Amino acid sequence: IRNRTSLATTFPESPISAPFSVSVDFELSTALRISWTAPLMPAFVTVVAYEVRYEGTVLDPVVRRVNATDGFLFTTLIGLEEAETYLISVIAVYDSSRSESVQVQGTTLEDVPSSPA
């Protein structure tokens, strides 16, 4: 009779990484464009989406989901209040967990009417 030994490959639990280099790329009177860099993860860990949460003093918190499979690492927040500062958080969503949030602030511009020529 042979003695069979079973070998199991165990991968160390990988820490979940957050997106980095989150920034406000441009500001308009009613829109902000937010971009980020994908987290560095082992090949066997996949980001399925990003959640962008934003809130201002007038606006209740809003969450926008950006699918990672589309390859986009940005989103444009539209319909915002002019001259308002927003707290923006970006979270990486994995199959069974989520990263910590990375936060930035962005301020929409004040819409100043142009003077007649």
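**Aromatic pairs, a buried serine and an open sheet**

In this predicted model, Trp36 and Tyr50 are both buried. The rings of these two residues form an aromatic pair, with a centre-to-centre distance of 5.2 Å and an angle of 55 degrees between the planes, an arrangement classed as tilted. Because Trp36 belongs to strand E2 and Tyr50 to strand E3, which covers residues 47-55, the pair ties together parts that are 14 residues apart in sequence.

The structure holds two aromatic pairs, and the one formed by Phe72 and Phe74 is edge-to-face, its ring centres lying 5.5 Å apart and its planes meeting at 80 degrees. Phe72 has a relative accessibility of 40% and therefore counts as partly exposed, and Phe74, with a relative accessible area of 31%, is likewise partly exposed. The ring of Phe74 is also approached by a charged side chain, since Arg33 lies over the face of this ring at 4.1 Å from the ring centre.

Strand E2, which spans residues 31-37, also contains Ser35. With a relative accessible area of 15%, Ser35 falls under the 20% limit and is therefore buried. The side chain of Ser35 is joined to that of Asp25 by a polar contact of 2.9 Å. When neighbours within four places in sequence are left aside, the residues in contact with Ser35 are Ser21, Val22, Ser23, Asp25, Leu73 and Phe74. Asp25 is thus found among these contacts of Ser35 as well as in the polar contact between side chains, while Phe74 appears both in this list and in the aromatic pair with Phe72.

Strand E3, which holds Tyr50 of the tilted pair, takes part in an open sheet of four strands, arranged in the order E4-E3-E6-E7 with antiparallel pairing. Strand E4 (62-67) and strand E7 (102-107) stand at the edges of this sheet, and each has a single partner strand, so one side of each is left without a neighbour in the sheet. On average, and with direction ignored, neighbouring strands of the sheet are turned by 25 degrees against each other. In general, the strands of a sheet pair through backbone hydrogen bonds, in either a parallel or an antiparallel manner. Within the present sheet, E3 and strand E6 (residues 85-94) run antiparallel and are joined by eight bridges. Where Tyr54 is concerned, the bridge partner in E6 is Ile88.

Definitions and conventions: Residues are numbered from 1 along each chain as its sequence is written. This is a predicted model: local features need pLDDT of at least 70, side-chain atom pairs count only at pLDDT 80 or more; totals for chains, interfaces and linings use all residues. Side-chain values use heavy atoms; hydrogens and water are left out. Helices (H or I, at least four residues) and strands (E, at least two) are DSSP runs, numbered from the N terminus. Buried means under 20% relative accessible area, exposed over 50%, partly exposed in between (1.4 Å probe, protein chains only). A polar contact is a pair of N or O atoms within 3.5 Å; within protein, one must be able to donate a hydrogen and the other to accept it, and residues adjacent in sequence count only if both atoms are side-chain atoms. Contact means heavy atoms within 4.5 Å. Rings of Phe, Tyr and Trp (its six-membered ring) pair if their centres lie within 6.5 Å; planes under 30 degrees apart count as stacked, over 60 as edge-to-face and the rest as tilted. A charge sits over a ring if NZ of Lys or CZ of Arg is within 6 Å of the ring centre and within 35 degrees of the ring normal. Two strands pair if DSSP finds at least two bridges between them. Axes are lines fitted to C-alpha atoms, for helices over the stretch in contact, and angles run from 0 to 180 degrees between N-to-C directions.
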